[in-house]
Amino acid sequence: MTDGPLDPTWMLLMYLAGELPPKQRAEMDRRVSTDPALRAELDELRALHGNFEAGMREMDASAAVRLGSEGMAVARITRAMREHGVRRESDDDSLLLPRRILHRPPAWVYPIAAMLLVGLTYVGWWAFKPEPRRTVAENSTSGSTVGGGDGSLAERPSTNSSSANESESAMFAELEQSFTDANPTQAQSLRSLRLDEREARDLSVSRNDPLQVLFNDPSFETSTDE
Amino acid sequence: MTAAIKSMSVREPQQPNDVAVVESDEALMLRLRTGDMGAGDVLVKRYYQPLARYIQRLAGVQVAEELLQQTWLSVLDHADKFDPQAAAGGGGFKAWLFRIATNKVNDHWRSRGRERSATEGLRLIYDDQMPHAGHRLEGTEQQQKLLAAIEQLPDSQRQVLMLRYYSGMKFVEIAALLGCPLNTALGRMHKAMLKLKDLMK
């Protein structure tokens with residue numbers, strides 16, 4: 001990472017360290033050989049660094065830790081490394097917990113996780129929200145279409161509420177009345193179909209005794225037109 | 001886990017020094033990545049002196065071993081991220097190791113904050129009382145003056161100076177490690193040398 005041309009003094013430092021590129025080094029060689037002042041500055045810099053390095057070597061040598069102490073320090077470090085290596089591969093979550101804390105996910109994960117949580121909560125609520133109760137007016141008008149002259153069954157509403165059953169009964173009664181005179185046979189078919197449907201509903205209500213439910217069900221009624 | 005335990009349970013005999021010297025740092029790191037803790041032992045011993053001294057000069061004797069241990073544990077944690085080929089162009093394993101140590105020292109400085117500067121003067125006295133600070137009394141007067149002068153340098157200058165001396169990294173690599181321009185790294189180095197010269201007079 002550089003910020004432009006090197007300062008002349010810094011370039012001298014790089015030259016002294018032998019880290020100048022070949023082209024620049026050759027240029028410095030020429031300048032040093034022809035400029036006494038530059039050569040004197042280079043010598044001073046060389047002496048300064050030389051004295052420093054010599055002093056550091058002597059200081060480190062005189063303060064060198066005894067082999068025993070260094071050995072103990074190295075042993076402590078290597079033992080810690082072994083224990084750390086075993087913990088990394090251990091299945092014990094409690095030991096791994098500190099590392100998990102140290103290795104947190106990046107910050108952008110948290111808002112995305114929050115959005116996903118809110119989205120899933122909304123989807124779950126929308127999917128399992130209770131059906132709104134339908135009023136009597138809605139049940140009597142929705143989904144009920146009277147069949148045509150071919151005697152086809154009229155569509156009945158999909159709800160199982162008692163109000164829907166009443167409207168269904170009225171619908172069938174009306175249909176039956178309209179076809180009685182025109183076709184007695186067809187009227188009888190409708191009547192039997194009505195009974196079959198009621199029987200099916202009663203069976204769905206109680207599987208133990210469908211006949212009992214059939215006769216005890218107040219909504220059941222025999223045809224009044226017979 | 002099996003590999004880690006295997007490397008622990010099977011105590012290989014101490015390898016001859018010539019074998020340890022011959023094996024390169026990168027080769028040892030590759031072994032360490034596979035769970036061979038013996039390779040880690042070799043690396044720790046090989047770099048104990050320069051790395052310990054480097055951390056001591058920057059962070060002080062009291063916390064040097066702790067930071068040194070943290071450095072090697074971090075080496076273990078990130079062994080799989082060490083790319084020998086990529087590191088070769090940037091100073092190799094040594095530069096990578098000192099980069100980790102520098103980060104640990106920087107973290108220590110940040111955690112200490114202004115408290116460190118407030119106790120700067122006390123630290124020199126406190127170091128004398130530490131059991132391993134005997135070197136301070138054993139060295140010559142000139143050596144003690146040099147040590148005191150180093151400790152009086154600003155953190156940024158001392159860091160470049162010690163990093164250059166103990167790691168042998170090139171100035172370009174030092175600048176990249178510290179995240180500063182090359183001119184800045186060279187300037188800090190030069191100013192540190194001049195200040196040491198003045199303090200040693």
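## Chain B, its helix α4 and the interface with chain A

Chain B contains 14 helices and zero strands in this predicted model. Followed along the sequence, its pattern is therefore a succession of helices, written α-α-α-α-α-α-α-α-α-α-α-α-α-α. The chain has 201 residues, and 49% of them are buried. Among contacts between residues at least 6 apart in sequence, 65% join residues at least 24 apart.

**Helix α4 of chain B**

One helix of chain B, α4, covers residues 37-59. How far apart are the end C-alpha atoms of this helix? They are only 28 Å apart, although the helix has 23 residues and a straight helix would reach 33 Å at 1.5 Å a residue. The helix also has a kink of about 60° at B:Y48. This kink lies shortly before the proline B:P50.

The two ends of α4(B) show further local detail. At its start, the backbone nitrogen of B:G38 has a side-chain oxygen of B:D36 within 3.1 Å. Just after the helix, B:G60 adopts a positive phi of about 100°.

Why can α4(B) be called largely enclosed by the rest of the structure? Of its 23 residues, 17 are buried, so the helix is largely enclosed. Buried here means under 20% relative accessible area.

**The interface of chain A and chain B**

The following table lists the main values for this interface.

| Property of the interface | Value |
|---|---|
| Residues of chain A in contact with chain B | 45 residues |
| Residues of chain B in contact with chain A | 52 residues |
| Area buried between chain A and chain B | about 4,700 Å² |
| Share of that area from carbon and sulfur atoms | 66% |
| Salt bridges across the interface | six salt bridges |
| Polar contacts across the interface, both residues at pLDDT 80 or more | nine residue pairs |

A salt bridge joins the side chains of A:D60 and B:R53, with an N to O distance of 4.0 Å. On the side of chain A that touches chain B, the elements giving two or more residues are α1 (8-17), α3 (36-62) and α4 (67-89) of chain A. Which of the elements gives the most to this side of chain A? The answer is α4(A), with 15 residues.

In summary, chain B is built with 14 helices and zero strands, and its helix α4 carries a kink at B:Y48. Between chain A and chain B, about 4,700 Å² of area is buried, and six salt bridges are found across the interface.

Notes
Residues are numbered from 1 along each chain as its sequence is written. Chains are lettered from A and ligands numbered from 1 in the order in which they are written. This is a predicted model: local features need pLDDT of at least 70, side-chain atom pairs count only at pLDDT 80 or more; totals for chains, interfaces and linings use all residues. Side-chain values use heavy atoms; hydrogens and water are left out. Helices (H or I, at least four residues) and strands (E, at least two) are DSSP runs, numbered from the N terminus. The expected span of a helix is 1.5 Å times one less than its number of residues. The bend at a residue is the angle between axes fitted to the seven residues ending there and the seven starting there. Buried means under 20% relative accessible area, exposed over 50%, partly exposed in between (1.4 Å probe, protein chains only). A polar contact is a pair of N or O atoms within 3.5 Å; within protein, one must be able to donate a hydrogen and the other to accept it, and residues adjacent in sequence count only if both atoms are side-chain atoms. Contact means heavy atoms within 4.5 Å. Buried area is the accessible area (1.4 Å probe) that two parts lose on being put together, summed over both.
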